[in-house]
Amino acid sequence: MTPELLSLAKYLASSRAEFALSEMNQYLSRKYEEKELYGLLKPHLYDLDLFCGRDFKCTKLIKRALPADDAVLRELKKELKTPKLPARIEKLVESYIERACGKDWDKGETAQLIRDNIVKQKEEYWTAGGESQYPKIRIISYLLYHFPVYFCQYQYLLLELLEKGALFNKMRILDVGSGPGTITLSTIDFMRKLLESYSKNGMDVKLNIRFDSIEQAQENIDCYKELTSGYLLGFPPGNAGIIINEHVHASVSAIEPAKAPGDTNLVIFSNVLAEMRIAPARRADVVERIATPSKNPTVVIIEPADLDNSKALRVIQHALMKKGYTVFSPCTFIWDTGCRGDNCWSFLELGNIQAPGFMEKIASTGEFYRYMNTDMKFSYVILRKDGVAKHSYRAKGKFLMLANLHKHVEKRINVVASVMSGNLGDEKTSVFKVCDGTTSIPCYAVLPAYHINDGNRALLDAGYGGIIMISGTLVRENKELSSYNLLITRNTLVTPVSPPPYFS
Ligand SMILES: C[S@@+](CC[C@H](N)C(=O)[O-])C[C@H]1O[C@@H](n2cnc3c(N)ncnc32)[C@H](O)[C@@H]1O
């Protein structure tokens with residue numbers, strides 16, 4: 001890229017609403033093919049606020065929230081109802097495995113080695129060490145077992161952000177602890193779906209996205225590069241300008257703010273913090289350091305749903321709130337209290353993905369269940385610095401805070417709370433964790449099947465993070481579990497406060 005070319009592009013970008021790349025030749029000391037000009041300018045288009053399409057026409061891209069029309073949201077929701085890896089990603093992953101382990105990777109000794117590694121990885125997660133006949137075996141096990149679910153589940157959070165206007169047509173995204181590129185690939189695929197939906201609905205939306213990533217393991221960086229470049233090669237450029245920057249090859253725990261990519265709109269820690277062998281409060285310091293160079297980033301933290309990791313996430317969340325972050329979702333601080341984050345086990349369950357062919361192949365043994373991983377179940381928090389939240393509702397007056405339940409045991413009361421679990425009960429009794437941010441003592445709404453009626457069904461439909469008013473519920477203390485149950489009977493009225501979720 002010559003300085004002459006760059007300054008001309010800057011001039012045209014600032015002085016014209018639209019221009020063709022071929023026009024640049026009028027002002028340059030040598031002539032370029034349009035394709036050549038596009039290739040040279042591509043890495044700079046994001047900073048120039050320019051979108052250049054397949055036809056080599058460039059337009060000014062003014063940063064704005066991506067439109068979230070009802071028709072678009074409905075279509076995306078419908079697509080996410082049958083979650084699966086897109087065929088091209090599935091093919092890319094399988095080719096990667098074949099290149100590393102040979103065409104017969106799913107047979108005989110090789111398959112057994114991979115299966116053993118999957119089991120070992122489940123037990124020790126990424127700490128599985130030692131020499132292997134296949135140097136990439138750890139990443140291959142990860143791709144086979146963890147990648148598909150993590151890829152699919154992230155798109156639900158993107159949908160949530162889109163719905164609230166927190167995704168933009170110009171976005172810099174930082175994938176922290178990127179592994180093989182799960183989050184980057186999932187985002188690109190989400191944008192593909194979104195652009196298809198815009199186009200179907202007659203909306204001309206163009207976007208420029210720049211990805212950065214931080215990763216400590218070279219083998220993961222190599223895999224990320226292979227998979228993302230492979231996916232982008234066949235990705236119809238259409239209305240999306242996508243740039244993937246070189247990784248910052250480092251440990252996030254050692255990184256100084258100066259080295260973290262700045263000006264980021266979206267920072268994602270997907271299944272990374274749990275791997276750091278430091279106390280949750282120190283993990284919050286890491287998040288803060290990485291996010292510090294950006295003005296008002298949306299920070300997404302995803303962690304496994306198990307008791308320890310899930311609880312640790314809420315402690316990290318609380319530590320970040322003390323540093324000035326605000327919660328976008330899933331928690332709503334209904335009484336403006338802000339909880340302490342301790343003793344909170346809460347996760348989102350989204351059902352099963354359709355298993356990709358490669359997972360079925362490695363699982364086709366007597367112990368199918370050991371190698372199948374299709375259940376989307378995870379703990380997450382989305383943080384901001386500007387107070388923007390998924391639900392802005394605040395309670396007034398006539399409800400009791402959950403912190404005061406102990407004074408009302410065996411009495412009927414009114415509360416307003418967020419539903420913070422899926423159904424933890426069975427066919428006979430539905431049980432949902434509820435929270436209003438005022439207490440760390442667990443509270444559950446309990447609805448026996450024979451009491452379900454139109455007046456209280458909203459409990460079942462509220463969805464994770466949804467807010468409900470419960471009028472006339474009976475308070476019961478569960479001394480054994482040190483918790484409170486709110487019994488919902490046919491005389492209890494449950495009213496939704498928040499609109500039904502796009503996923504539940
Ligand atoms: C479980 S994988 C998650 C990968 C990807 N984010 C996903 O959701 O599938 C964790 C990744 O974080 C990386 N990682 C763990 N600790 C790290 C650290 N301190 N600094 C940078 N990367 C780290 C690991 O090398 C691995 O690639």
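The following questions and answers concern a predicted model, its ligand site, one sheet and its domains.

In this predicted model, local features need pLDDT of at least 70 and side-chain atom pairs count only at pLDDT 80 or more, whereas totals for chains, interfaces and linings use all residues. Residues are numbered from 1 along each chain as its sequence is written, and side-chain values use heavy atoms, with hydrogens and water left out.

Q: What makes a residue part of the surroundings of the ligand, and how many residues surround the ligand?
A: A residue is near a molecule if one of its heavy atoms lies within 4 Å of it. The ligand is surrounded by 20 residues, and the closest are Tyr-142, Thr-182, Glu-215, Asn-220 and Ser-270.

Q: Why is the pair formed by Thr-182 and the ligand called a polar contact?
A: A polar contact is a pair of N or O atoms within 3.5 Å. A polar side-chain atom of Thr-182 lies 2.6 Å from an oxygen atom of the ligand, and therefore the pair qualifies. A nitrogen atom of the ligand is also 3.1 Å from an N or O atom in the side chain of Ser-251, and a ligand nitrogen is 2.7 Å from a polar backbone atom of Val-252. Of the 600 Å² of accessible area that the ligand has on its own (Shrake-Rupley method, 1.4 Å probe), the protein covers 97%.

Q: What makes β1 and β3 a pair of strands?
A: Two strands pair if DSSP finds at least two bridges between them, a strand being a DSSP run of E with at least two residues, numbered from the N terminus. β1 and β3 (residues 57–60) have three bridges in the antiparallel sense, so the definition is met. Phe-19 has Cys-58 of β3 as its bridge partner.

Q: Why are β1 and β2 called edge strands?
A: The open sheet of three strands has the order β1-β3-β2, with antiparallel pairing. β1 (18–20) and β2 (50–52) each pair on one side only.

Q: How do you know that the peptide bond between Ser-329 and Pro-330 is cis, and where is Pro-330 found?
A: Omega of this cis bond is about 10°. Pro-330 is found in the loop between β10 (326–329) and β11 (348–352).

Q: What are the domains of the chain?
A: By an automatic or database domain assignment, the chain is divided into domain 1 (3–60), domain 2 (71–384) and domain 3 (402–496). The centres of domain 1 and domain 3, taken over C-alpha atoms, are 60 Å apart.

How values were computed. A polar contact is a pair of N or O atoms within 3.5 Å; within protein, one must be able to donate a hydrogen and the other to accept it, and residues adjacent in sequence count only if both atoms are side-chain atoms. Helices (H or I, at least four residues) and strands (E, at least two) are DSSP runs, numbered from the N terminus.
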